[in-house]
Amino acid sequence: MSGLIVDRLSVSHGAIEALRDVSFSVEPGQLAAVIGSNGAGKTTLLRTLSGLKDASSGNAEWNGREMLGKKPDVLVRRGISHVSEGKSVIPELTVKENLVLGGIWRANRSDTNAAIAEVVELFPRLGERMGQSADTLSGGERQMLAIGRALVSRPKLLLLDEPSLGLAPLVIEQIFETIDKLRHKLGLTVVLVEQNAMSALEIADIGVIINLGEVVATGKASDLINDPALRAAYLGY
Amino acid sequence: MQKFIETILIGFSTGSIYALMSLALVLVWRSTRVVNFAQAGQAMLSTYIGYEIATRSEVFWLGLVFAIAAGALVGAGVDYFFMRVLFKHATSGPAAVVAPVIATLGLLGLIRSVVGLIWGGDLRSIPMPVSRDGYTIGDTTLPFSPINTLIIVTVCLVLIAISILFTRTNLGLALRASAYAPEIAQLAGVKTGQTRTIGWAIAGGVGGIAGMLVTSYNFLSPNSLDLLLVFGFIAAVIGGLESMVGSVVGALILGIGLTFILNYVGTSLTFISGFLVLILVLLIKPEGIFGSRKGRRA
């Protein structure tokens, strides 16, 4: 079976169970929005899927191969890329260096250069700032750079952790538009973790709503948006 | 005027050796957050190995190559067999902060004892490819000798090689990324553990060069590199502990400054001045001349 399958995944931080029996699946090319309030376990979910954190039980597989128990550098080589929370760029490095970092695991530098050229085509603003330190970028540009860095590895599965965090409303709108455009253009499967429920569900195929570490609802994003009970309880509008 | 120029030249030569030790300390600090006091021991062990090779082959450069290799191996070994295990066990609380530094002090003592057992406490000197006698102009012999030229040229070459490694290669990018943001580096596909061990190896190799160069005008004994560690550390603090460029500049300032005190004030005050500088920097500008309060710079 292809795509992403998360099956009864549980993760704990010491004695505290952060995720309990979380199950959902995402078909290739789909965008899944994982919605939940602060502390619901969304970030823990992504950190477990990308190999930063160990699961206590359950399974997760990508295109038929087990993901759990592998280090992030192994998963990157299998096409799984994670953009962590909070504009994950390295401010001390230049824009170019941040992008090169995204392809550093490749033996062949020219593949990386080609991938960078593609990213610059998608985000022309980054192309104009290649030699500047990432520190000088605006919040929105940093988020573009973080996503761009992940794209340099030419991922098949992109895990995005709250790309809208700390950005102005207008910029947030641009970021969501960009994500939507990118995934269609590149045929990406995306797991998008967001507190910004409405914007995320609008571009998503499916939604997974998490509360206190448990999945409370999954289904087509459009159905979730229109469910009055869910709207009142979890979507906050 | 002649004395002034001599002082600057000798200071530059001394400072450039401090620069290597300081750079070795900064490399480890950046990647591991440990002030590696064992660096003096690692460098000393490497220098003894370099000494053995140089004495037997009567080729200084062969000894230097072996000292670099030994330094790199010992550095990598300390990280792989010692630091990794330590960090696995002491993950949080005061132990995690203090244990690694105390451990490096313990390691320094251990290496020194082992070297003492193998080589004894005798003072040894390394055969040099160039003369230790000062250059002569007319009838005057200068304190600056071909050895000093060799030291300065070698250190410049090492610094150029390291700056190319760090700014132009994937390994250098991986080393910097892992030091600045290990998690992002890991997510980008860098094997951060392995990269850190390579960082320790580079630091160890640089320490080996520093040890060989100091021994070119000094005697080698199980504690002959202690002063180098102290001055290297002071230089690193002047430079801000984070910055590789800062560590080199800090070392040159320190080397030239101390040589001025030695030549114009007196031997007795040199050592005290080094510590005074350390205390003054920590009191007035604790982030060093190249460090910034908010973050760190390459």
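**Exercise 1. Which residue in β2(A) is the bridge partner of A:Val11?**

Before starting, note that this is a predicted model: local features need pLDDT of at least 70, side-chain atom pairs count only at pLDDT 80 or more, and totals for chains, interfaces and linings use all residues. Residues are numbered from 1 along each chain as its sequence is written, with chains lettered from A and ligands numbered from 1 in the order in which they are written.

Solution.
- Step 1. Find the elements. Helices (H or I, at least four residues) and strands (E, at least two) are DSSP runs, numbered from the N terminus.
- Step 2. Check the pairing. Two strands pair if DSSP finds at least two bridges between them. β1 (residues 4-13) of chain A and β2(A) are antiparallel, with 7 bridges.
- Step 3. Read off the partner. A:Val11 bridges to A:Leu19.

**Exercise 2. Place β2(A) in its sheet, then find the helix across it.**

Solution.
- Step 1. The sheet is open, has 4 strands and pairs antiparallel, in the order β2-β1-β4-β5 (chain A).
- Step 2. β2 (16-26) and β5 (65-66) of chain A each have a single partner strand, so one side of each lacks a neighbour in the sheet.
- Step 3. Helix α1 (residues 42-49) of chain A lies across β1, β2 and β4 (57-62) of chain A. Its angle to β2(A) is about 70 degrees. Axes are lines fitted to C-alpha atoms, for helices over the stretch in contact, and angles run from 0 to 180 degrees between N-to-C directions. Contact means C-beta atoms, placed from the backbone, within 7 Å.

**Exercise 3. Is α1(A) enclosed or open?**

Solution.
- Step 1. Apply the cut-offs. A residue is buried if 20 or more other C-beta atoms lie within 10 Å of its own, exposed if 12 or fewer, and partly exposed in between; C-beta atoms are placed from the backbone.
- Step 2. Count. In α1(A), 8 of the 8 residues are buried, so the helix is largely enclosed by the rest of the structure.
- Step 3. Name some. The buried residues include A:Lys42, A:Arg47 and A:Leu49.
- Step 4. Look just past the helix. A:Gly51 has a positive phi of about 95 degrees.

**Exercise 4. Trace the partners of β9(A).**

Solution.
- Step 1. β9 (residues 206-211) of chain A is mostly covered, with 5 of its 6 residues buried.
- Step 2. β3 (residues 31-35) of chain A runs parallel to β9(A), joined by 4 bridges. A:Ala33 pairs with A:Gly207.
- Step 3. β10 (residues 214-220) of chain A is antiparallel to β9(A), over 6 bridges. Here A:Ile206 pairs with A:Lys220.
- Step 4. β9(A) and β10(A) form a hairpin with 2 residues between them. In the turn, A:Leu212 has a positive phi of about 45 degrees.

How values were computed
Contact = placed C-beta atoms within 7 Å.
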